[in-house]
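Please read the following account beside the sequence and the model. The text moves from one residue outward to the sheets, the helices and a pocket.

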Amino acid sequence: MAGLIDMSNTNVAKYGVVGNPISHSKSPAIHQAFALQTQQDMCYKPFLVSVDGFEQAIADFISSGVSGVNVTVPFKEKAWAIATKLSKCAELAGAVNTLSFKDGDIFGDNTDGLGLVNDLKNNYGFDFEGKTVLVLGAGGAVRGVLGPIIQENPASITIANRTLSKAEQLKQVFAKDYSISTSGFSDLDTRFDLIINGTSASLNNELPPIPEVVVGSHSVLYDMMYSNQTTTFNQWGQALNAGNTIDGLGMLVEQAAEAFYIWRAIRPATHEVFAKLRSQ
Ligand code: ATR
């Protein structure tokens, strides 16, 4: 596995992304662009790992001198379990997307939530302070982003999910930091400033069955998924004249920038990389 990494140049720091599948991943292109922009001597490669081979792959990476890896589906929970030290954000997220190997430790972080928050704040000028936030879904993707959203101190956070008990479980995970409200989809009856779709419904071009009343002319709709076309959720928002509709491509670039910062202590500029990916 890690033998695929070119060890001939020992001066080049080695990174990669681990997943299954992995061939579709945009992370190598993003990190290579960041490395070029910030003039870092590093390489970053995709690694396809068998579903039961994650722990062995990590051991191989460490013994091959790899400095860190991003982790994607289906290994984020396994990465959380294998980490010897976790950031608070990763601890609460129950999942890790960025591993760093240093001095015998495996540091686990989760940059997905900061990626979403930074995208909204820096690229769209959205200020969370005083805003009402509706989060649709209560799976791993939502758990991964709630911590950084809470840090932004919005006026309220409501989690709505098809299975209400899962929303209530998430509420408990974050109860020490924030008082989250929960709801079934059909019980929603007010407008929200920000509506984040964290359900996996979009993957099947489906829409979570939420009442139209949640969308006002000022509402920002954020689909954590991205695609070449406008996502089903964002099409729905546009038909209702929502204030703005944003997909998850910016979040992808921003979470990568945060991972890059963790590894290299340099924060790359993201606009150019985002624009290039969008145009492809
Ligand atoms: P992920 O890692 O992408 O978050 P997950 O943990 O399986 O995947 O969570 C998927 C989320 O999408 C859940 O909140 C799920 O709702 P349930 O908890 O009721 O299963 C939600 N979801 C999936 N398909 C959906 C659909 N068609 N309509 C509404 N919600 C859907």
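Where is the place of Thr158? In this predicted model, Thr158 sits in strand β8. The residue is buried, because its relative accessible area is 10% and the limit for that class is under 20%. Leaving aside residues up to four places away in sequence, Thr158 touches Val133, Leu134, Val135, Ser181, Ser183, Leu188 and Phe192.

Strand β8 covers residues 156-160 and pairs with β9 in the parallel sense, over three bridges. One residue pair can be picked out here: Ile159 has Thr182 of β9 as its bridge partner. Both strands belong to an open sheet of six strands, whose order is β9-β8-β7-β10-β11-β12 and whose pairing is parallel. At the edges stand β9 (181-183) and β12 (244-246); each has a single partner strand, so one side of each is left without a neighbour in the sheet. From one strand to the next, the twist averages 20°. Strands of a sheet pair through backbone hydrogen bonds, in either a parallel or an antiparallel sense.

Helix α8, residues 232-239, lies across four strands of this region: β7 (132-136), β10 (194-197), β11 (220-223) and β12. Relative to β11, helix α8 runs at about 165°.

Next comes helix α6 and what follows it. Helix α6 spans residues 140-151, and its buried residues are Val142, Gly144, Val145, Leu146, Gly147, Pro148, Ile149 and Ile150. Just after the helix, Asn153 takes a positive phi of about 55°.

A residue further along the chain leads back to α6. Is Asp177 buried or partly exposed? Asp177 is partly exposed, since its relative accessible area is 34%, and that class lies between the 20% and 50% limits. Its place is in the loop between α7 (164-173) and β9. Apart from residues up to four places away in sequence, Asp177 touches Lys88, Leu92 and Ile150. Ile150 is one of the buried residues of α6. Asp177 and Gln151 are 26 residues apart in sequence, and their C-alpha atoms are 8.6 Å apart in space.

The model has another open sheet of six strands, with the order β2-β1-β3-β5-β6-β4 and mixed pairing. Here the edge strands are β2 (42-48) and β4; each has a single partner strand, so one side of each is left without a neighbour in the sheet. Helix α9 (residues 249-264) packs on the sheet and touches β1, β2, β3, β5 and β6. Its direction makes about 10° with that of β5. Helix α2 (residues 54-63) lies across β1 (13-19), β2, β3 (68-71), β5 and β6, and it runs at about 45° to β5.

Which strands pair with β6 in the parallel and in the antiparallel sense? Strand β4 (residues 85-86) is parallel to β6, with two bridges between them. Strand β5 (residues 98-102) runs antiparallel to β6, and five bridges join the pair. Gly108 of β6 appears in both pairings: it is the bridge partner of Leu86 and also of Leu99. In the hairpin of β5 and β6, two residues lie between the strands, and Asp103 takes a positive phi near 50°. Strand β6 itself, residues 105-109, is mostly covered, with four of its five residues buried.

The last topic is empty space. Rolling a probe the size of a water molecule over the atoms shows where such space is left. The second largest pocket holds about 260 Å³. Its lining consists of Ala29, Ile30, Gln32, Ala33, Leu36, Gln37, Glu272, Val273, Lys276, Leu277 and Gln280. Two elements, α1 (27-38) and α10 (271-279), each give two or more residues to that lining. Which of the elements gives the most to the lining of the second largest pocket? Helix α1 does, with six residues. Sorted by class, the lining has six nonpolar, three polar and two charged residues.

Key:
Residues are numbered from 1 along each chain as its sequence is written. This is a predicted model: local features need pLDDT of at least 70, side-chain atom pairs count only at pLDDT 80 or more; totals for chains, interfaces and linings use all residues. Side-chain values use heavy atoms; hydrogens and water are left out. Two strands pair if DSSP finds at least two bridges between them. Axes are lines fitted to C-alpha atoms, for helices over the stretch in contact, and angles run from 0 to 180 degrees between N-to-C directions. Contact means heavy atoms within 4.5 Å. On a 1 Å grid over the protein atoms alone, a cavity is a set of points where a 1.4 Å probe fits but cannot get out, and a pocket is an open set with protein on both sides within 12 Å along at least five of seven lines; lining residues have an atom within 4 Å of a point. Grid points are joined across faces, edges and corners, and a volume is the space filled by probe spheres set on the points. Ala, Val, Leu, Ile, Met, Phe, Trp, Tyr, Cys and Pro count as nonpolar, Asp, Glu, Lys and Arg as charged, and the others, Gly among them, as polar. Buried means under 20% relative accessible area, exposed over 50%, partly exposed in between (1.4 Å probe, protein chains only).
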